[in-house]
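Here are some notes for a reader who has not met this structure before. They begin with the ligands and then turn to the strands.

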Amino acid sequence: MKVALITGITGQDGAYLSEFLLGKGYRVIGIMRRSASSDVIGERLRWLGVLDKITLVEGNLTDLGSLVRIVQEYRPDEVYHLAAQSFVATSWQQPSLTGLVTGLGAVTMLEAVRIARPQARFYQASSSEMFGKVQAVPQSETTPFYPRSPYAAAKLYAHWMTVNYRESFGMHASSGILFNHESPLRGIEFVTRRITHTVARIKLGLTDHLTLGNMMAKRDWGHARDYVEAMWLMLQQDIAEDYVIATGRTATVTDFCRLVFDAADLVMEDYVRTDPALLRPAEVELLQGDAAKAARQLGWNARVGLEDLAAEMLAADINRLRG
Ligand code: NAP
Ligand code: G4F
């Protein structure tokens, strides 16, 4: 039985990746940080019905010793490094923490693997945010980076350190440059979930408006369940490389919002307000990925379209609120 170690297992992608790897017959070990709310921290894993099928161990990205001991004890074949301070807006409020966890944390995990299990295959959760003020449309593996937030700068450091460990130490280390991916398990602070959760509340008579920031920003949104499969495919290749993972379709926040209101049979203009307080100090205006390399080398293509994604997220939020 292959052993997979996942950092960030309590997050959106960690939950879907656990479900996917269990389906492939892996033993799944997940690192979670110590929390006073440990009873609710496994909520996403419980929602997918996988919480009692995995092993959770305590560790923190800021603590090399804990990571080394976990890698030594469980001897993973594959390490999926997903943990991060992942909310872009927060990265301007907590830039040092974001650098420490999202940037240096990846190096700490790479070090733990290099010390305790250098033959393990390593996945780094890189991000389309690294393209920032985009230098080409669409963005592929060869597009120059231009980070626009402390989060993106931290991810870029982690990205290049992954490349460096591959080239310096011969580690099988790959970076997946994933564009935005969403699901019913998306954190409530991200725009898609803010929209579906609030529209569900409007539908059920619990509120009468939705306040957003920059509605003109464009994103390439896919479904998290599709994207975790791409992570696994990268680690099954003989040679480690970096891949863009995206749908190739871009849409504005307004477009996504309209899809959700339409799915709820409500008129968007009757409910949406904007608030300049929600604008970011620097914005990523347009993301659109070119995942041709992943299609060619991994045989990967996005399956879920934006309409189905919006409808699934809305339905899940309505169900949760009802019950
Ligand atoms: P998420 O839901 O925010 O999950 C982040 C995870 O990191 C959580 O399990 C969190 O634990 C954990 N974590 C944070 N700080 C930690 C620390 N100091 N030590 C140990 N664990 C810590 O993120 P996601 O959407 O699943 O994304 C997974 C990864 O992909 C992230 O690195 C993100 O930056 C990257 N990414 C995401 C997208 C996307 O669209 N979703 C796109 C590109 C890249 P708690 O549960 O305790 O908070
Ligand atoms: O949903 P968002 O917060 O996601 P963002 O900033 O694109 O980052 C996500 O995707 C990245 C991949 O590209 C990941 F690396 C990262 O970890 C995260 O998962 O914001 C999307 C867009 C932004 O342009 C934002 O300004 O929506 C705009 N927006 C407009 N109103 C809003 C809101 N974003 C949020 N969170 N809340 C709003 O009310």
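1. In this predicted model, a polar side-chain atom of Glu283 lies 2.6 Å from an oxygen atom of ligand 2. Two further contacts of ligand 2 involve the protein backbone. An oxygen atom of ligand 2 is 2.7 Å from a polar backbone atom of Ser86, and a nitrogen atom of ligand 2 is 2.9 Å from a polar backbone atom of Glu189. Of the 720 Å² that ligand 2 exposes when taken alone, the protein buries 95%.

2. Which residues are closest to ligand 2? They are Ser127, Ser128, Tyr151, Arg194 and Arg280, out of 23 residues that surround ligand 2. By class, this shell divides into ten nonpolar, six polar and seven charged residues.

3. Ligand 1 has its own set of polar contacts. A polar side-chain atom of Thr10 lies 2.6 Å from an oxygen atom of ligand 1. Backbone atoms take part as well: a polar one of Gln12 is 3.1 Å from an oxygen atom of ligand 1, and a polar one of Asp13 is 2.8 Å from an oxygen atom of ligand 1. On its own, ligand 1 has 910 Å² of accessible area, and the protein covers 88% of this.

4. The shell around ligand 1 draws two or more residues from each of α1, β5 (121–127) and α6 (150–169). The largest share, three residues, comes from β5. In total, 24 residues surround ligand 1, and the closest are Thr10, Arg33, Leu82, Ser86 and Tyr151. Ten residues of the shell around ligand 1 are nonpolar, ten are polar and four are charged. Tyr151 is thus listed among the closest residues for ligand 1 and also for ligand 2.

5. Helix α1 (residues 12–23) also belongs to a right-handed β-α-β unit, together with strands β1 and β2. Strand β1 (residues 3–7) pairs with β2 in the parallel sense, over five bridges. In this pairing Thr7 stands opposite Ile31 of β2.

6. Strand β2 has a second partner, β3 (residues 55–58), and these two pair in the parallel sense over four bridges. Here Ile31 stands opposite Val57 in β3. Ile31 of β2 therefore needs to be looked at from both sides: Thr7 is opposite it, and so is Val57.

7. Why is strand β2 described as largely enclosed by the rest of the structure? Five of the six residues of β2 (residues 27–32) are buried, so the description follows from that count.

Methods:
Residues numbered from 1 in each chain as written. Chains lettered and ligands numbered in written order. Predicted model: local features only at pLDDT ≥ 70, side-chain atom pairs only at ≥ 80, totals over all residues. Heavy atoms only, no water. Buried < 20%, exposed > 50% of the residue type's maximum accessible area, 1.4 Å probe, protein only. Pairing = 2+ DSSP bridges. Right-handed = clockwise from strand over helix to strand, strands pointing away. Near = heavy atom within 4 Å. Polar contact = N/O pair within 3.5 Å; in protein donor to acceptor, adjacent residues only side chain to side chain. Areas by Shrake-Rupley, 256 points an atom, 1.4 Å probe, with all protein chains shown as cover. Nonpolar A, V, L, I, M, F, W, Y, C, P; charged D, E, K, R; others polar.
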